[in-house]
Amino acid sequence: MKPMKITQQIMRNFCDIALEGLDASNDNILIPIVVIDNNYYGIEWVLIVTIMNDYMVSDVGVSFRYDINTNTFIGTGIYLDKSEIESKHRLVGLKVDYCKHLRPFSMSKLKFCSEDEIYGKHNNNDLRHEIADLRRQYNGWIVTNMVSEQLMEFENKRFIEERKKLKDEQHRLQNKLLESITNFMYPKNGGFKY
């Protein structure tokens with residue numbers, strides 16, 4: 001299996017998406033784990049992040065340690081295997097299994113590269129042109145959509161005016177019919193007609 005290559009910026013974007021998912025649902029939660037490393041041991045928190053490139057989609061765990069001095073979380077590592085997170089989570093000793101919702105994942109290697117390393121310089125320029133074309137298409141779609149919305153709004157106003165005219169005409173005809181029935185039943189010369 002070839003290693004997944006990804007840029008640091010793209011990884012940051014995937015982490016942002018995963019962090020937004022923490023607020024949106026209970027599907028993505030921070031997982032507490034025990035970390036023992038030389039002179040350090042403590043509880044860290046793992047955020048599950050779905051990453052992808054041209055040929056692969058996988059989850060990884062990004063671990064964070066709380067720094068009481070700066071009141072911030074500091075990234076400490078990336079876990080490429082679900083089983084490693086599960087075993088370190090069991091060491092916490094909680095009754096609740098925070099890992100039960102995890103999909104299986106295992107990756108041999110994750111490599112951070114520049115865009116040129118991933119796509120090649122020539123390909124990178126092609127991608128920029130493709131992105132520029134897609135932006136132009138998107139902007140054209142936005143303009144077309146705005147014009148369509150304006151036309152629909154105009155047609156809607158016209159329909160409402162036409163409907164009001166028809167209701168007024170219907171009301172006028174109903175009044176005229178009522179007047180005709182009244183005149184038939186109660187003629188002005190006083191008698192009742194059959």
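Which loop holds Asn 38? Asn 38 lies in the loop that runs between strand S2 (31–37) and S3. The model described here is a predicted one, and this report turns to its overall layout before returning to that loop.

## Overall layout

The chain comprises 4 helices and 6 strands. Followed along the sequence, these elements appear in the pattern β-α-β-β-β-β-α-β-α-α. The chain has 194 residues, and buried residues account for 22% of them.

The surface that the chain exposes amounts to about 15,100 Å², with carbon and sulfur atoms supplying 55% of that area. Among contacts between residues at least 6 apart in sequence, 51% join residues at least 24 apart.

## Nonpolar cores

The largest nonpolar core contains 15 residues, and those touching the most other members are Val 49, Ile 51, Val 60, Met 107 and Leu 110. Two or more residues of this core come from each of strand S1 (4–6), helix H1 (8–24), strand S3 (40–52) and strand S4 (57–67). H1 gives the most, with 4 residues.
Another core, of 10 residues, lies apart from this one, and its members include Val 46, Ile 48, Tyr 79 and Ile 85.

The surroundings of Val 60 can be listed in detail. Leaving aside residues up to four places away in sequence, Val 60 touches Met 11, Leu 47, Ile 48, Val 49, Ile 51, Ile 78, Tyr 79, Leu 80, Phe 105 and Met 107. Among these partners, Val 49, Ile 51 and Met 107 are also named with Val 60 as core residues that touch the most other members. Two further partners of Val 60, Ile 48 and Tyr 79, belong to the core of 10 residues.

## The largest pocket

The largest pocket has a volume of about 230 Å³. Its lining consists of 12 residues, and Asn 28, Ile 48, Thr 50, Asp 59 and Arg 103 are the ones nearest its centre. H1 and S3 are the elements that give two or more residues to this lining.

By class, the lining is made up of 6 nonpolar, 3 polar and 3 charged residues. Ile 48 thus appears in two settings: it is among the lining residues nearest the pocket centre, and it is a member of the core of 10 residues.

## Two asparagines with positive phi

Most residues other than glycine have a negative phi. Asn 38 has a positive phi, near 50°, and Asn 71 also has a positive value, of about 55°.

Both residues lie in loops: Asn 38 sits between S2 and S3, while Asn 71 is found between S4 and strand S5 (72–79). Asn 38 is classed as exposed because its relative accessible area is 77%. Asn 71 likewise counts as exposed, because its relative accessibility is 55%.

## His 89 and Ser 114

His 89 belongs to helix H2 (residues 82–90). Its relative accessibility is 5%, and therefore His 89 counts as buried. Not counting residues up to four places away in sequence, His 89 touches Ile 31, Pro 32, Ile 33, Leu 94, Val 96, Asp 97, Tyr 98 and Cys 99.

Ser 114 is located in the loop between strand S6 (110–112) and helix H3 (115–119). With a relative accessible area of 35%, Ser 114 is partly exposed. Although Ser 114 and Gln 8 are 106 residues apart along the chain, their C-alpha atoms are separated by 8.0 Å.

Terms used: Residues are numbered from 1 along each chain as its sequence is written. This is a predicted model: local features need pLDDT of at least 70, side-chain atom pairs count only at pLDDT 80 or more; totals for chains, interfaces and linings use all residues. Side-chain values use heavy atoms; hydrogens and water are left out. Buried means under 20% relative accessible area, exposed over 50%, partly exposed in between (1.4 Å probe, protein chains only). Contact means heavy atoms within 4.5 Å. Accessible areas come from the Shrake-Rupley method with a 1.4 Å probe; for residues, only the protein chains shown count as cover. A nonpolar core is a set of buried Ala, Val, Leu, Ile, Met, Phe, Trp, Tyr and Cys residues joined through side-chain atoms within 4.5 Å. On a 1 Å grid over the protein atoms alone, a cavity is a set of points where a 1.4 Å probe fits but cannot get out, and a pocket is an open set with protein on both sides within 12 Å along at least five of seven lines; lining residues have an atom within 4 Å of a point. Grid points are joined across faces, edges and corners, and a volume is the space filled by probe spheres set on the points. Ala, Val, Leu, Ile, Met, Phe, Trp, Tyr, Cys and Pro count as nonpolar, Asp, Glu, Lys and Arg as charged, and the others, Gly among them, as polar.
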